[in-house]
2 protein chains.
Amino acid sequence: MDSSSDDEKWEVPTFARHRKPPPGTESIGYDLYESPQYMNHLKQFGRLSGMDVCNNIGFRWILLGMVGLVTGLVAVAVDVSIDYLFEFRMHINDVVVDAGWSIGCQYLAFVGVALCSVSVAAYLVCYVEVLAAGSGIPEIKCFLNGIDFPNVVGLKTLCAKAIGIVFSVTAGLPCGKEGPMIHSGAITGALVTRCDILHTINPVVIQQETRDFVAAGAAAGVAAAFGAPLGGVLFAVEEGASHMDPSIMTRLFVACATGALASRFFIGPILGGIPWGHLGSAVPVSFGKFHHMEWDILEMPIFAMMGVAGGLFGALFNAVNQRLSEWRIRHIGPRGRRRFFEVLLVTLVVSSLQFLVPAVSVASKEFSLSEEGVGSLPSQLHLRSLSESEESQLPLRRHLKLEELSLSESLFWQKNTAALKSLFHSEEEFNLWYVLLFFVMNLSLSCLTYGIGVPSGLFVPALLTGAAFGRIVGQLLHSYVFPISEGQLFAATGLYSLIGASAMLAGTARITISLAMILMEVTGNAEFGLPIFLVVMLAKWTGDVFNRGIYDLHIIDLKKVPLLEAKPETNMIGIFGFVYVV
Amino acid sequence: MDSSSDDEKWEVPTFARHRKPPPGTESIGYDLYESPQYMNHLKQFGRLSGMDVCNNIGFRWILLGMVGLVTGLVAVAVDVSIDYLFEFRMHINDVVVDAGWSIGCQYLAFVGVALCSVSVAAYLVCYVEVLAAGSGIPEIKCFLNGIDFPNVVGLKTLCAKAIGIVFSVTAGLPCGKEGPMIHSGAITGALVTRCDILHTINPVVIQQETRDFVAAGAAAGVAAAFGAPLGGVLFAVEEGASHMDPSIMTRLFVACATGALASRFFIGPILGGIPWGHLGSAVPVSFGKFHHMEWDILEMPIFAMMGVAGGLFGALFNAVNQRLSEWRIRHIGPRGRRRFFEVLLVTLVVSSLQFLVPAVSVASKEFSLSEEGVGSLPSQLHLRSLSESEESQLPLRRHLKLEELSLSESLFWQKNTAALKSLFHSEEEFNLWYVLLFFVMNLSLSCLTYGIGVPSGLFVPALLTGAAFGRIVGQLLHSYVFPISEGQLFAATGLYSLIGASAMLAGTARITISLAMILMEVTGNAEFGLPIFLVVMLAKWTGDVFNRGIYDLHIIDLKKVPLLEAKPETNMIGIFGFVYVV
């Protein structure tokens, strides 16, 4: 596909935001072949003789381990930076409150800090490297399928992505660090191939080798981001490439194990406070450990319905995001001022809502306490809201601090992962109206956010939306259908959150088996696999009835990249000679 | 490969035990093509119109679910039968003891029952269906790579295999039920394609479809045997086929989830005594759950050395088994009287040793107690052996009952899985001499057993050998290097057993990622993955220096089947045009 030359051939606008393939786009040669050059190279480095074992086997594994290690270190740096910067942001808020500023000034400070933070990320995308935008998974999927955007695995992209994601998460945008970490890992993989001092990697088949290293890096990115080595391998196999050789799995495996080890080795002591060098169940898993994961066969239909619902929400998300992205492609463009201001605008909306929900809720609760207006709401829910506000003994405060918010209110202020943990593990019941509001807000805001000019992953926002949905279902069921007090072994509310999270992410991204694996690893428990499987499959099938997964949608429908899937699509079968050409 | 016609072309004895391809061996056509027949078929069943969704998607998944369900039920039946029959065998022994027979008569009864039991299994293999022998994994691997032995996925083979394995395990042979369950699952997959009443499966591409169903069945077999759904998927992808499309993973996934669900649904109440319908962490996992899996980074070199050792033991096992199998191919043949008597002979040896070890050990302990001969043995070990025998207050008994044996002695009498659980989880320390004897005996006897004319899997014997090795290392380390009393978080002895088990199986069968996954699922814990990864990779690499994995060895070196691997072997590169022909 020598696409840069004959532009007039392209009838559809393609590789979006450019309307035609960007100059320099190439396809990648992934065939194994026996050219004279290749044979000469092999002979030169003794690859056909006894050197084979030490040279070919040994050093390549060291390189793969290096991919994992560097990816793991990048992930740790990102993780720790986000943690400290987010804490710093909350500290600024506390300082403002303690200085006695009014709620209006506090609001301005809150939003201002978010805008400052996000403008770093937006600058990196809009003026430095446009490929750092979004999660990067679509671009990597393209690369692994043979389409080489210029710079997609360049050092500049790595820096822009890794630094940018720290600031976009700190700004409180509904975006996760995991997708960008996968992209960072992939870039690391490509960069490491250049450090091949022993000439293990054949220059003649460098593209093949680079593909394997990029896949290994992407897998190591998942492994490091979630601490889920097997999830990483499966993600690369399932989502990465349509035409992948199973023997590549061993390479992925090595990179993933190293990546996960590096990330867990440092995260445990730095953020978890355990002594250096202790590993295993001592290190906290990313989303907190579930200890009791019982469930009853009778709950299976409920899980199934949640899977279908997750598929529907996911399809809705994808459809809206597609329209939005099409509008953006037409009116905003890939870089420059317009895209920068769009980011600021979106951040303004997001952080205003985040600030206002607890602020208004305090006001309205004070109002409802004074007026005793019980009337229109379902009494039980309303009563719980009242009693909760009474319990926490809210003064007629005119300021907001994270630690003074109630459990339900703090959802809106916390870091994404903290909110996810509280939805999964909180023993206390949430106020359902807040969770519902959180669900709606998070669904719409993450849809609005995915596609703006900052690095932003989809994993955690989707999980969070789904967890809120699951929490609602779980609490309603436990209140009305089977109260836990009966002493039955029905699944806990937290497990319903986990099911909801799986359903939503599977409905959006249409990943199944690797998602199940990642969720098993981030909750440290291999026993709740079966309901998660059921749910992700149903969510994927339901979603597939309506549209493509969000990554394929961005690749095929928006960027118009000619992605070659493993199987021809149904409407292709019967076009004469299609399969032969392929 | 129309192999049945021109026999004289084959210069090497091939498809062993027949010296030439058995008549009827065919290759399988796995290409996607667009013949006029295929297009007509698609049109006829509306596959190119709107029927697509309900017909193509819906019913195929139901069929795949059926594969999982039937495989799960077969696994449950095998599991429960083994449990009851083994208990019955021990009951017979107890009756003999209670009747006051002498130790000689008890020995005869013990061996006699084993011989009766094994002769059922041997009859099924030697006179009914020779393909029921062994684990069946090599044959299924051949099938998935396009070589179709006659009857390999036939109903007769299924019955012979499923019934046979019950009796060979009951006889106390060092063989596992897991390999045969994988073969049973694969057969179930092939049989289910015949129940395709809605014509979902295109008759024109029936071989492709059958391959997918056989792969799904094999995966469901793993899933049901171990209760490890993801392990099943990975096993099929890693070990099953060299040329497999990642999109097949979804199909495997559905079959595996159903298979694991069916097996866990029934096993929990029947063997675990929990109420019907309760699932999740309530159901006991196959090899018992580890609760604390801490380890220290300093232990990594020890794990690594254990991995290398596992690779060496595995390579030794494979080399000896290869010589043994070559001898068997020359002198015993595939079926008939000779093979039957070989089985009886091996069983006689195995069960005699099993009986004699505790019997002799009782005698020698009485001897050492009376003579107080401490001299030559390392004092600490010997003292522990003495104190253990004092604790259990052995009378000068002249009979043996399973429940009266000490912890270390009972290793030799227990069911394989029970012995494995006790090596993994026992808090009490084993007598190291017994464990060492058990290790040597199990290594040599399982090597002797693999290849005789009974259904016999390799998984559990290899795990057991490795667990004994790991236990030895663990106990020695805890006694001499870092005593647990220091309050450090070093790995428990049981974890060393787990590491040893992983190393041994990876060294023998050279499976890596799926083995790690299975071990994570059977211990219910996703947090000990990293050391297991390290160990299985090192064991595989070490083993690969010396010879092939046991399955490939049986396929390529012994049966001389032309298996096509994903990558050409090094000595093939350079043969002109090799890659083009492939």
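**A pocket, an aromatic pair and two helix contacts**

In this predicted model, the second largest pocket is lined by 36 residues, among which D83(A), L271(A), K415(A), T417(A) and K421(A) lie nearest the centre of the pocket. The space in this pocket amounts to about 750 Å³. Two or more lining residues are contributed by each of helix 2 (52-98), helix 6 (178-192), helix 7 (206-226), helix 9 (248-272) and helix 14 (416-425) of chain A, and the largest share, eight residues, is that of helix 2 of chain A. When the lining of the second largest pocket is divided by class, 20 residues are nonpolar, eight are polar and eight are charged.

Aromatic pairs were sought over the whole structure, and 48 were found over all chains. One of them is formed by F355(A) and W413(A), whose ring centres are 5.8 Å apart; the planes of the two rings stand at 35 degrees, so the pair is classed as tilted, given that stacked pairs have planes under 30 degrees apart and edge-to-face pairs have planes over 60 degrees apart. Distant parts of the chain are linked by this pair, since F355(A) belongs to helix 11 (residues 337-371) of chain A, whereas W413(A) lies in the loop between helix 13 (407-410) and helix 14 of chain A, with the two positions 58 residues apart in numbering.

Packing between helices was described by the angle and the distance between the two axes. In chain A, the axes of helix 18 (residues 513-522) and helix 19 (residues 529-546) come within 9 Å and cross at roughly 145 degrees, and the crossing is right-handed. On the side of helix 18 of chain A, the contact is made by L515(A), A516(A), L519(A) and M520(A), and these meet G529(A), I532(A), F533(A) and V536(A) of helix 19 of chain A. Seven of the residues in this contact are nonpolar and one is polar, while none is charged.

In chain B, the axes of helix 10 (residues 300-331) and helix 20 (residues 550-558) come within 11 Å and cross at roughly 35 degrees; here, too, helix 10 of chain B passes helix 20 of chain B in a right-handed crossing. Helix 10 of chain B takes part in the contact through F317(B), N318(B), N321(B), Q322(B), S325(B), E326(B) and I329(B), and helix 20 of chain B through I550(B), L553(B), H554(B), D557(B) and L558(B). The residues of this contact comprise five nonpolar, five polar and two charged.

Definitions and conventions
Residues are numbered from 1 along each chain as its sequence is written. Chains are lettered from A and ligands numbered from 1 in the order in which they are written. This is a predicted model: local features need pLDDT of at least 70, side-chain atom pairs count only at pLDDT 80 or more; totals for chains, interfaces and linings use all residues. Side-chain values use heavy atoms; hydrogens and water are left out. Axes are lines fitted to C-alpha atoms, for helices over the stretch in contact, and angles run from 0 to 180 degrees between N-to-C directions. Helices (H or I, at least four residues) and strands (E, at least two) are DSSP runs, numbered from the N terminus. A crossing is left-handed if the near helix is turned anticlockwise from the far one by less than a right angle, and right-handed if clockwise. Contact means heavy atoms within 4.5 Å. Ala, Val, Leu, Ile, Met, Phe, Trp, Tyr, Cys and Pro count as nonpolar, Asp, Glu, Lys and Arg as charged, and the others, Gly among them, as polar. On a 1 Å grid over the protein atoms alone, a cavity is a set of points where a 1.4 Å probe fits but cannot get out, and a pocket is an open set with protein on both sides within 12 Å along at least five of seven lines; lining residues have an atom within 4 Å of a point. Grid points are joined across faces, edges and corners, and a volume is the space filled by probe spheres set on the points. Rings of Phe, Tyr and Trp (its six-membered ring) pair if their centres lie within 6.5 Å; planes under 30 degrees apart count as stacked, over 60 as edge-to-face and the rest as tilted.
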